[in-house]
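Welcome! Take a moment to turn the model around on your screen, and then let us walk through it together.

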Amino acid sequence: MPLCLWIYSRAWIDTPVVQLLPLGAVTLTLCGTLLPIGLGVFIRYKYNRVADYIVKVSLWSLLVTLVVLFIMTGTMLGPELLASIPASVYVVAIFMPLAGYASGYGLATLFRLPPNCKRTVCLETGSQNVQLCTAILKLLYRSHV
């Protein structure tokens, strides 16, 4: 995508509008997504048993990292700031992704998809809902402060 933007916008590259395009951020996002996925696919293809072990270790390390990040965020922001956020924001942050997972699984069941497809739709819907939830919380929090 950054290459496409650069190719198609070369004629206007000196205009202020093109300078606003976040080409660096788009490139970083693509590389940050595609490189780990490509590495994971390669490891799964070459070393199937090692990939299973890596997944188990990664899931537990993710859990530990999330707990540590939660504690660090609470410590750095301080209890006053965390207490100033309304309880409804916390409720939305917890239940909106869960609603995405549940609705994805429910719709997949409604359309009689196989179990592996149900899980895929569930995870995709919930994961996309997490991004939406984050954006809503950022906008809501900025408007209250």
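## A walk along the helices

Helix α5 is a good place to begin: its 24 residues, 87–110, should span 34 Å at 1.5 Å a residue, and the 33 Å between its end C-alpha atoms agrees with that. Please keep in mind that this is a predicted model.

Still, α5 has a bend of about 25 degrees at Phe95, and a proline, Pro97, comes within four residues after that point. Pro97 is also one of the buried residues of α5, a list that further holds Val89, Met96, Gly100, Gly104 and Ala108.

What comes after α5? The helix is followed by Arg112, which sits in the loop between α5 and α6 (115–144). Arg112 has a positive phi, near 55 degrees, although it is a residue other than glycine. Most residues other than glycine have a negative phi. Is Arg112 buried or exposed? Arg112 is exposed, because its relative accessible area of 76% is over the 50% cut-off.

Now step back to the whole protein chain. It has six helices and zero strands, and from the N terminus on its elements run α-α-α-α-α-α. Of its 145 residues, 13% count as buried.

How confident is the prediction? The mean pLDDT of the protein chain is 79, and 75% of its residues reach 70 or more. Confidence is lowest in helix α2 (residues 16–19), with a mean of 58, while helix α4 (residues 48–84) has the highest, at 86.

The UniProt record, an unreviewed entry, adds an annotation to this picture: "transmembrane region" covers residues 20–45, 57–77 and 89–111. Two of these spans are set out below.

| Span | Distance between end C-alpha atoms | Helix | Strand |
|---|---|---|---|
| Residues 57–77 | 30 Å | 100% | 0% |
| Residues 89–111 | 33 Å | 96% | 0% |

Finally, have a look at the second largest pocket, which has a volume of about 260 Å³. Which helices each supply at least two residues of its lining? They are α3 (23–46) and α4. Of the two, α3 gives the most, with six residues. The residues that line this pocket are Pro36, Ile37, Gly40, Val41, Ile43, Arg44, Ala51, Ile54, Val55, Ser58 and Leu59.

Methods:
Residues are numbered from 1 along each chain as its sequence is written. This is a predicted model: local features need pLDDT of at least 70, side-chain atom pairs count only at pLDDT 80 or more; totals for chains, interfaces and linings use all residues. Side-chain values use heavy atoms; hydrogens and water are left out. The expected span of a helix is 1.5 Å times one less than its number of residues. The bend at a residue is the angle between axes fitted to the seven residues ending there and the seven starting there. Buried means under 20% relative accessible area, exposed over 50%, partly exposed in between (1.4 Å probe, protein chains only). pLDDT is the predictor's confidence in each residue, from 0 to 100. UniProt positions are given in the numbering used here, feature names are shortened, and annotations may be inferred rather than shown by experiment. On a 1 Å grid over the protein atoms alone, a cavity is a set of points where a 1.4 Å probe fits but cannot get out, and a pocket is an open set with protein on both sides within 12 Å along at least five of seven lines; lining residues have an atom within 4 Å of a point. Grid points are joined across faces, edges and corners, and a volume is the space filled by probe spheres set on the points.
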